[in-house]
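Student: Please take a close look at one part of this model, the largest nonpolar core, and then work outward from there. I would like one connected account.

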Amino acid sequence: MGSPERPPWRRDPLFAAVALAAFVGVLLMLPVPEPADPPGGPLPETNFAVVDATVFDGEAFRAHRDVWVEDGRIRAVGQRLRLPEDLPRVDGRGHTLTPGLIDAHTHTYGVALRDALRFGVTTVLDQFTDPSLAARKRPARERLARTDEADLFSAGNLATAPGGHGTQFGVPVETLTGPGEAPDFVRARKAEGADWIKIIWEDGSTFGADIPTLDRDTIAAVIAAAHAEELLAVIHVSRLEHALAALEMGVDGFVHVWADDVISEADAARFAEAGAFVIPTLSVQLAIAGESMGSVLLEETLAEHVSAMQRETLSGTFPRQGGTPEAALESVRRLHAAGVRILAGTDAPNPGTGFGISLHGELRLLRQAGLSASEALGAATAHPAEAFGIEDRGRLERGRIADLLLVAGDPQSDVTRSAAIAGVWKDGFPVEAAWAAPKQPE
Amino acid sequence: MEPTPHTLRPGLGWSVRIALLETRFQFLSSLRLPAFAVPTLLFPLFFYLFFAVVFPSGGPSLAAPTYLLATFGVFGVLAPSIFGFGVGLAQERDSGALVLKRTTPMPAGAYLFARVGVAAIFGAVVIVGLFLLAGYAAGVELYRGQWFALAGAILAGVLPFSAIGLAIGAWAKQQAAVAVVNLVFIAMSVLSGLWFPIQMLPGFLQDFANALPAYHLGQLALKVVALDLGRPVWLHLVLLGGQTAICLVVAAAGFRRFSGR
């Protein structure tokens with residue numbers, strides 16, 4: 001050795017440092033995902049992906065999922081999807097993506113469908129409106145196109161007695177006076193385009209009133225006629241006694257929970273056995289009892305997101321109050337425990353409720369009634385779609401329409417996050433109006 | 001004039017230097033043992049190339065290459081740790097090399113450090129190879145923090161896996177050690193979900209996997225890329241720590257027997 005060489009133990013730390021630097025260097029040069037746009041800016045349309053979001057797929061929350069939308073439909077949901085490099089991406093980290101919400105009990109008029117969509121309610125199951133309005137809105141649900149309105153499915157007109165509940169709103173209603181009229185009545189509704197048949201059984205006694213109502217034979221005949229025409233038959237009741245009788249008649253679902261009495265566990269089991277669904281509409285039950293959530297919802301929502309109509313109906317009160325929300329909540333708790341399918345519905349725009357916005361309140365009430373966060377959200381997505389036989393909606397899975405609600409945070413641990421809206425897509429088109437740049441009311 | 005090693009006085013610097021020196025010598029001797037170096041370095045890379053790059057599972061999902069990146073990474077540190085300790089230690093003991101080393105002033109800690117260090121070096125080389133394959137051949141994309149966290153989680157496996165090797169090496173004779181280590185190595189890899197997703201195993205085997213350190217390390221690595229089974233981190237850490245402690249106790253008992261002979 002000519003020159004004095006550094007002994008090997010001197011070089012070891014140097015080797016170690018160089019090796020460590022090389023190791024870190026390799027880690028630094030590995031590929032990272034394409035940058036995604038944070039929600040809040042303009043949202044992409046038709047063909048895009050929401051990446052690395054928590055996804056509520058209609059049944060359960062799943063972390064770190066990508067949702068790929070192609071031509072307005074969901075192409076794939078999965079972990080680490082192999083996305084085209086030029087596909088626009090929305091950064092879903094810290095956000096939760098759910099199917100567009102479905103409100104299973106509304107009455108459509110005015111700006112209802114716009115108000116609903118702005119709040120992430122992409123499909124509305126209407127339980128009585130002007131059949132001609134329903135007919136005008138029908139084509140929109142058959143096509144994928146940019147829109148500012150939720151899709152509408154409706155019972156159209158309702159089955160009630162002359163002078164009965166439903167006749168007081170100014171919409172002309174063809175009433176029934178006996179079971180013999182049931183088949184013609186149902187055929188006429190079907191010809192009008194009714195998606196199902198809604199029946200009123202309301203004598204007003206729960207609210208201290210006396211209202212004419214259909215007799216049992218007529219109700220049973222309408223249910224049978226609806227089934228003969230392959231339509232669902234749903235019923236409005238406000239008394240447990242009526243609900244149990246309607247269940248015996250084979251009704252498919254209840255558009256309210258009764259507020260007069262708490263159901264027994266044995267009777268709840270009968271509902272489960274019959275496979276009937278219940279849309280409790282706790283939002284309106286509370287409003288009828290004078291405990292509306294309207295002011296709470298208005299307070300926590302930015303004023304520019306609320307339409308004049310939403311503000312007016314949310315602030316409204318029922319002229320005659322009654323019923324006990326505690327009984328309604330307890331009945332829902334027992335029905336749910338028995339395995340009865342519970343669907344989220346608001347009965348908007350009744351006093352104390354607002355289109356769209358109140359469904360977020362209903363989710364909280366369903367949580368109070370013992371549904372888990374995923375069950376409550378399922379009650380506002382997959383379950384109403386299935387109960388009413390509406391395909392292509394309610395779930396995030398391949399082939400379904402890209403009706404999407406993106407919210408900041410985690411509704412699983414805090415269901416109020418459903419209202420922390422970061423984006424809404426209808427048919428793959430963003431509904432940004434209210435959230436990005438508030439639109440002037442017309 | 002540079003001082004020579006034998007003039008150094010015992011102290012922290014002295015211990016570090018001698019540990020690094022021992023690491024280098026053990027690394028060189030491992031490298032010169034093709035039966036150790038070649039399979040250790042190449043098996044995980046070949047498996048990954050085969051399952052994740054050439055024949056990845058169908059569909060647009062990238063989950064399979066990412067899953068296997070995490071699990072073959074764990075597999076990649078399992079081999080040098082368990083073989084280095086299990087077979088290497090038994091070999092040095094039975095050949096008398098360990099007795100010779102004990103007569104030198106080298107602290108026992110330096111020997112253990114060197115063994116763990118060699119496993120970590122081999123593990124790091126496997127990680128570099130796997131990560132490059134994953135990133136540039138299998139199309140895996142991870143956030144920068146995930147690449148680092150995944151490398152860290154995998155490398156941390158050197159400690160529990162070395163403890164397993166230590167326990168085997170402390171008890172088994174040289175020839176038996178090779179068989180035992182191979183059996184443990186292969187069986188634990190498969191049953192821990194390192195070769196294919198643990199979800200594909202029947203339920204009772206999934207429950208049994210809780211008894212395997214490689215399962216817990218695999219789940220921790222998979223957690224970095226959000227492909228784990230969703231059990232809490234602390235559960236894996238507690239069980240992994242407990243299993244490592246058991247291995248160390250078993251190893252210590254084995255050494256007492258060896259020393260007392």
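Tutor: What follows starts at the core, goes on to the domains and a helix of chain A, and ends with chain B.

The model is predicted. Its largest nonpolar core has 125 residues. The residues with the most contacts inside this core are A:Val67, A:Ile197, A:Val222, A:Ile235, A:Phe254, A:Leu366 and A:Ala376. At least three residues of the core come from each of domain 1 (39-100 + 395-442) and domain 2 (101-393) of chain A.

A:Val67 can serve as an entry point. With neighbours within four places in sequence left aside, A:Val67 is in contact with A:Ala49, A:Val50, A:Val55, A:Ile74, A:Val77, A:Leu97 and A:Leu396. Another core, of 79 residues, lies apart from the largest one, and B:Leu20, B:Leu133, B:Phe161 and B:Ile198 are among its members.

Next, the two domains of chain A. Their centres, taken over C-alpha atoms, are separated by 27 Å. Across the boundary, 31 residues of domain 1 of chain A are in contact with 29 residues of domain 2 of chain A. On the side of domain 1 that touches domain 2, strand E5 (95-99), strand E16 (421-426) and helix H15 (433-436) of chain A each supply at least two residues. E16(A) gives the most to that side, with three residues.

The loop between strand E15 (404-408) and E16 of chain A holds A:Ser413. A residue counts as exposed if 12 or fewer other C-beta atoms lie within 10 Å of its own; A:Ser413 has 9, so A:Ser413 is exposed. A:Ser374 is 39 residues away from A:Ser413 along the chain, and their C-alpha atoms are separated by 9.9 Å.

A:Val222, one of the core residues with the most contacts, is also one of the buried residues of H5(A). Helix H5 (residues 216-228) of chain A has 13 residues, which at 1.5 Å a residue should span 18 Å; the end C-alpha atoms are 18 Å apart, so the two agree. Besides A:Val222, the buried residues of H5(A) are A:Thr218, A:Ile219, A:Ala220, A:Ala221, A:Ile223, A:Ala225 and A:Ala226. The buried residues of H5(A) pack against strand E9 (158-159), helix H4 (182-192), strand E10 (197-201), strand E11 (233-237) and helix H6 (240-248) of chain A. After H5(A) comes A:Glu230, with a positive phi near 60°.

Chain B has 11 helices and zero strands. Its radius of gyration is 19 Å, close to the 18 Å that the globule rule gives for 261 residues, so chain B is as compact as a globular protein of that length. The C-alpha trace of chain B spans about 65 × 45 × 35 Å along its principal axes, and 45% of the 261 residues count as buried. Of the contacts in chain B between residues at least 6 apart in sequence, 81% join residues at least 24 apart.

Helix H6 (residues 144-156) of chain B also has 13 residues, with an expected span of 18 Å at 1.5 Å a residue; its end C-alpha atoms are 19 Å apart, which agrees. B:Trp147, B:Leu150, B:Ala151, B:Ala153 and B:Ile154 are buried in H6(B). These residues cover an arc of only 165° around the axis, so they lie on the same side of H6(B). B:Arg144 and B:Gly145, on the other side of H6(B), are exposed.

Notes
Residues numbered from 1 in each chain as written. Chains lettered and ligands numbered in written order. Predicted model: local features only at pLDDT ≥ 70, side-chain atom pairs only at ≥ 80, totals over all residues. Core = buried A, V, L, I, M, F, W, Y, C linked by C-beta atoms within 7 Å. Buried ≥ 20, exposed ≤ 12 C-beta atoms within 10 Å, placed from the backbone. Domains from an automatic or database assignment. Contact = placed C-beta atoms within 7 Å. Helix = DSSP H or I, 4+ residues; strand = E, 2+ residues; numbered from the N terminus. Rg over C-alpha atoms; globule rule 2.2 N^0.38 Å. Expected span 1.5 Å × (residues − 1). Arc of directions from axis to C-beta.
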